[in-house]
Amino acid sequence: MMSGARNFKPLFTLVLLTATLLTFFSALPLPAAALTEVEVSPVNTPAGAVVLIIDGLSAPFIYPELTPHALDGATLEKARIENIPEIGKNSVLILKFRAPQTFTEGGHSVLVTGNTGANSEFVSFKDANVFDILHKEGYLCIAVMEKGDSWSICAEQDAVLRDENNSIKNIQIVLEQHECSPDSPVPSGLLQVMQDRADRAPGYVTSKETRDRYNGYNKWGIETACAVVEYMAKNSPEQKYLLTVNVGAVDMSGHYRDNYGYIDCIESLDSEILPLYNLCKENNLAFVLTADHGMAFSADDSKGGHQSEKFSSSDEAQLVPLIVHAKDVKKGVIRGEFGQEDFAPTLLGILDIPDGPRFVEGEQILLTGHVNLKVELPDKGSVELRREGKVVSSPGNDDQFLFLGLEPDNSYAVRAVLNSGNSLEEKEKEVFLKTDSVVNFGNNEAKTKENESALEGAKDKTSSAGIFGDGDSVSNKSSKHLIGYLLIGAINLAGFFIIIKIMKKD
């Protein structure tokens, strides 16, 4: 009996210490910021988005308003398609959407970062791409990539299918999973669906006919995207997600099958695309069709290119389609000059997310009839939003507020007050909302020389932490979190030594 009692003592002590630590930890503030949403006017935010990137698709070959020409000036035949024009009639179509880098890696990098000079390494920088922004908003990022599968874009996906060999003749689709959203794990059933689609891929390209192999390659990508959307709709309807799909055979046809093989591949893809578009409509997903670059030809009946200096300056290589369908997106053709750097802020705007990638150069193309405003405070407080002197909304007791459904091309006054009573750099700001915006109220509380010295040290650490560190000071809230975590560590360590001491005595 005495032996049993001695063994029980350290166990009881361990349980007591664990309970104490859990109680202490739960009392600490969480580092994640809260967000209060205010729907000023009704908005129909999509449940997610499907972005279909057709590798090498040149807008002049599919847009009724444009005409493709060879470098020698000859007029080239356009693709005879039915479904893409029909989708365009029910969507918004950007007539002149230009790629600043006319090659696959560059095109994809610009699309996801909004920066005209972006490359694969640039995509990997912290908060530099749309995937980083969406992960913070609770989205899953899923991809089906036949081409454009640079290491950095793949690393941003929670789950990605990619062609390891980048080859139609020797196709090898592999499934990769990354821990990008620990709070929103990829459903195991979805991984099974994706693995099944990977295993089926070789069966799509078994034909001895070049045309059938190319068309089968694209068909696999579209049908796999449909399988992902169908699974998510049935099994995870509440989970927001971005599905990025790249189909690669149109680009390869331009390079190896001349301009007639090129338009033949476009026509075949057009016949496969409608089910994916319809699934997006049925499940309140934004459907976006675009390309990484176009394709140019020296002459009629010649093979094409897009990257070399000979081709890269042509409209056929630079102009790519941008067609967007979502409930709040207005139908019609938008004329004027836009660039791929505008894509990232435009996509986020469609999803009612005002935040943008860290180094974005482009601007949001406003495709809806409303704009959104995000207001950030250094600590919990209240915000009053006024227009023409009248209060629009006045939520409180939070540190982030998202006002949805505001009228564009209007001025709004934003007044902020902290619950703590601490002063702000500015209590009120005037903003003119042409597109979605973010307003940040900094803390201007008086500091002692000692506090100022500590903040300067924090600035040095932040600026040296990243390649493009902005040197912002560490907030009071972050300092409290750090102190709390240090106390937890100290208690854990002390508890560990106490338990060892007790066990040694017994």
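A residue counts as buried when its relative accessible area is under 20%. Keep that cut-off in mind while walking through this predicted model, because by that definition 51% of the 506 residues in the protein are buried. The protein has 16 helices and 18 strands. Among contacts between residues at least 6 apart in sequence, 69% link residues at least 24 apart.

Let's start with the sheet. Nine strands make an open, mixed sheet, and reading across it you go β6-β5-β4-β7-β2-β8-β11-β3-β12. The edges are β6 and β12 (332-339), each of which pairs on one side only. From one strand to the next, the twist averages 15°.

Now zoom in on β4. Six of its six residues are buried, and that goes for both faces: Leu140, Ile142 and Val144 sit on one side, with Cys141, Ala143 and Met145 on the other. Why do those residues fall into two sets like that? In a regular strand, side chains alternate between the two faces of the sheet. As for its partners, β4 runs parallel to β7, with six bridges between them, and Leu140 has Tyr241 as its bridge partner in β7. Four bridges tie β4 to β5, again in parallel, with Met145 partnered by Arg162 of β5.

Over at the β12 edge, the pairing is with β3 (residues 92-98): the two strands are parallel and joined by six bridges. If you want one pair to look for there, try Leu93, whose bridge partner in β12 is Val333.

Back at the other end of the sheet, helix α7 (residues 188-200) lies across β4 (140-145), β5 and β6, and runs at about 5° to β5. The loop between β5 (159-163) and β6 (173-177) holds Asn166, and this is a spot worth checking on a phi plot. Most residues other than glycine have a negative phi. Asn166 is not a glycine, yet has a positive phi of about 50°. With 38% relative accessibility, Asn166 counts as partly exposed.

A second asparagine does much the same sort of thing. Asn284 has a positive phi near 55° and sits in the loop between α11 (274-282) and β8 (285-290). Asn284 is partly exposed too, at a relative accessible area of 22%.

Next, the helices α9 and α10. Is α9 buried or exposed, on the whole? Six of the eight residues of α9 are buried, so the helix is largely enclosed by the rest of the structure. Those six are Ala249, Val250, Asp251, Met252, Ser253 and Gly254. Their cover includes β2 (48-54), α8 (210-235), β7 (241-247), α10, β9 (296-297) and β10 (304-305).

Of these, α10 deserves a closer look. Helix α9 (residues 249-256) packs against helix α10 (residues 258-272) at an angle of about 165°, their axes being 7 Å apart. That makes the two roughly antiparallel, and the crossing is right-handed. On the α9 side the contact involves Ala249, Val250, Ser253, Gly254 and Tyr256, while α10 brings Asp258, Gly261, Tyr262, Cys265, Ile266 and Leu269. Sort these residues by character and you get seven nonpolar, three polar and one charged. The spacing along α10 also fits a general pattern. An α-helix has 3.6 residues a turn, so residues three or four places apart point the same way. Asp258, which follows α9, has a positive phi near 65°.

Follow α10 along and you'll find Glu272, which is partly exposed at 23% relative accessibility. Leaving out neighbours within four places in sequence, Glu272 is in contact with Lys219 and Ile222. Ile222 is 50 residues from Glu272 along the chain, but their C-alpha atoms are separated by 7.1 Å.

Finally, take a look at helix α14 (residues 343-350). Eight of the eight residues are buried, so α14 is largely enclosed by the rest of the structure. They are Phe343, Ala344, Pro345, Thr346, Leu347, Leu348, Gly349 and Ile350. Just after α14 comes Asp352, with a positive phi of about 60°.

Notes. Residues numbered from 1 in each chain as written. Predicted model: local features only at pLDDT ≥ 70, side-chain atom pairs only at ≥ 80, totals over all residues. Heavy atoms only, no water. Axes fitted to C-alpha atoms, helices over the stretch in contact; angles between N-to-C directions. Parallel < 35°, antiparallel > 145°, perpendicular 65-115°, else oblique. Left-handed = near helix turned anticlockwise from the far one by under 90°. Contact = heavy atoms within 4.5 Å. Nonpolar A, V, L, I, M, F, W, Y, C, P; charged D, E, K, R; others polar. Buried < 20%, exposed > 50% of the residue type's maximum accessible area, 1.4 Å probe, protein only. Pairing = 2+ DSSP bridges.
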